[in-house]
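Dear colleague,

I am handing over the structure we spoke about, and below it you will find my notes on what turned up when I went through it. Please read them with the coordinates open beside you.

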Amino acid sequence: QVQFVESGGGLVQPGGSLRLSCAASGFTLDGYVIGWFRQAPGKEREGVSCIRITNSRTVYEDSVKGRFTISRDYAKNTVYLQMNSLKPEDTATYYCARTPEYRSANCLQPTPYTQWGQGTQVTVSS
């Protein structure tokens, strides 16, 4: 059974850091693009970052460029999102998801993703 389990969320002060983990089971990451998305109350889900597993090519939403880094660990079958210099506007529930590489165009858009995790809450507040 294909499953993602997100973890690593929590409460952090502005300027702080968190590392989110997306542990995949039921499949290996090769051949997929993995995306991180977030959704705040009353707002639509938006793409944060995505990574093509085969060659580690990455894409970032403009507001997180230079602050967030997406990466993968083949041995652990896990994708990470390192979040630095966190801002209150980063507060949201963060989700990871997968799409096949052939559907990876515009990988910050949620439409092609069919497998989603349950989400982990990130709250940035002083």
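Leaving aside its neighbours within four places in sequence, which residues is serine 49 in contact with? Before I answer, please keep in mind that this is a predicted model. Once those neighbours within four places are set aside, the contacts of serine 49 are Ile34, Gly35, Trp36, Val59, Tyr60, Ile70, Leu81 and Leu108. Serine 49 itself belongs to strand β5, and its side chain reaches the backbone oxygen of valine 59 at 2.9 Å. With a relative accessible area of 0%, serine 49 counts as buried, because that value is under 20%.

Turning to the nonpolar cores, the largest one holds 28 residues, and those that touch the most other members are Ile34, Trp36, Phe68, Val79, Leu81, Met83 and Tyr94. Two or more residues of this core are given by each of β3 (18–25), β4 (32–39), β5 (46–52), β7 (68–73), β8 (78–83), β9 (92–100) and β11 (120–124), and the largest share, 4 residues, comes from β3. Another core, of 7 residues, lies apart from it and includes Phe37, Ala97, Cys107 and Leu108. As general background, nonpolar side chains in soluble globular proteins tend to be buried together.

Tyrosine 95, which sits in strand β9, is likewise buried, with a relative accessible area of 15%. Not counting residues up to four places away in sequence, tyrosine 95 touches Glu6, Gly35, Trp36, Phe37, Gln39, Arg45, Trp116, Gly117, Gln118 and Gly119. Its C-alpha atom is separated by 6.0 Å from that of arginine 38, although the two residues are 57 apart along the chain.

Arginine 38 also appears in the largest pocket, where, of the 14 lining residues, Arg38, Lys43, Glu46, Glu89 and Asp90 are the closest to the centre. The volume of this pocket is about 170 Å³, and its lining comprises 8 charged, 3 polar and 3 nonpolar residues.

Finally, arginine 67 is found in the loop between β6 (57–60) and β7, and this residue is buried, with a relative accessible area of 9%. The side chain of arginine 67 reaches the backbone oxygen of serine 85 at 3.0 Å. Beyond its neighbours within four places in sequence, arginine 67 is in contact with Gln82, Met83, Asn84, Ser85, Leu86, Lys87 and Asp90, and Asp90 is also one of the residues closest to the centre of the largest pocket.

With best regards

How values were computed: Residues numbered from 1 in each chain as written. Predicted model: local features only at pLDDT ≥ 70, side-chain atom pairs only at ≥ 80, totals over all residues. Heavy atoms only, no water. Core = buried A, V, L, I, M, F, W, Y, C linked by side-chain atoms within 4.5 Å. Buried < 20%, exposed > 50% of the residue type's maximum accessible area, 1.4 Å probe, protein only. 1 Å grid on protein atoms, 1.4 Å probe; cavity = no way out; pocket = protein on both sides within 12 Å on 5 of 7 lines; lining within 4 Å. Points joined across faces, edges and corners; volume = space filled by probe spheres on them. Nonpolar A, V, L, I, M, F, W, Y, C, P; charged D, E, K, R; others polar. Polar contact = N/O pair within 3.5 Å; in protein donor to acceptor, adjacent residues only side chain to side chain. Contact = heavy atoms within 4.5 Å.
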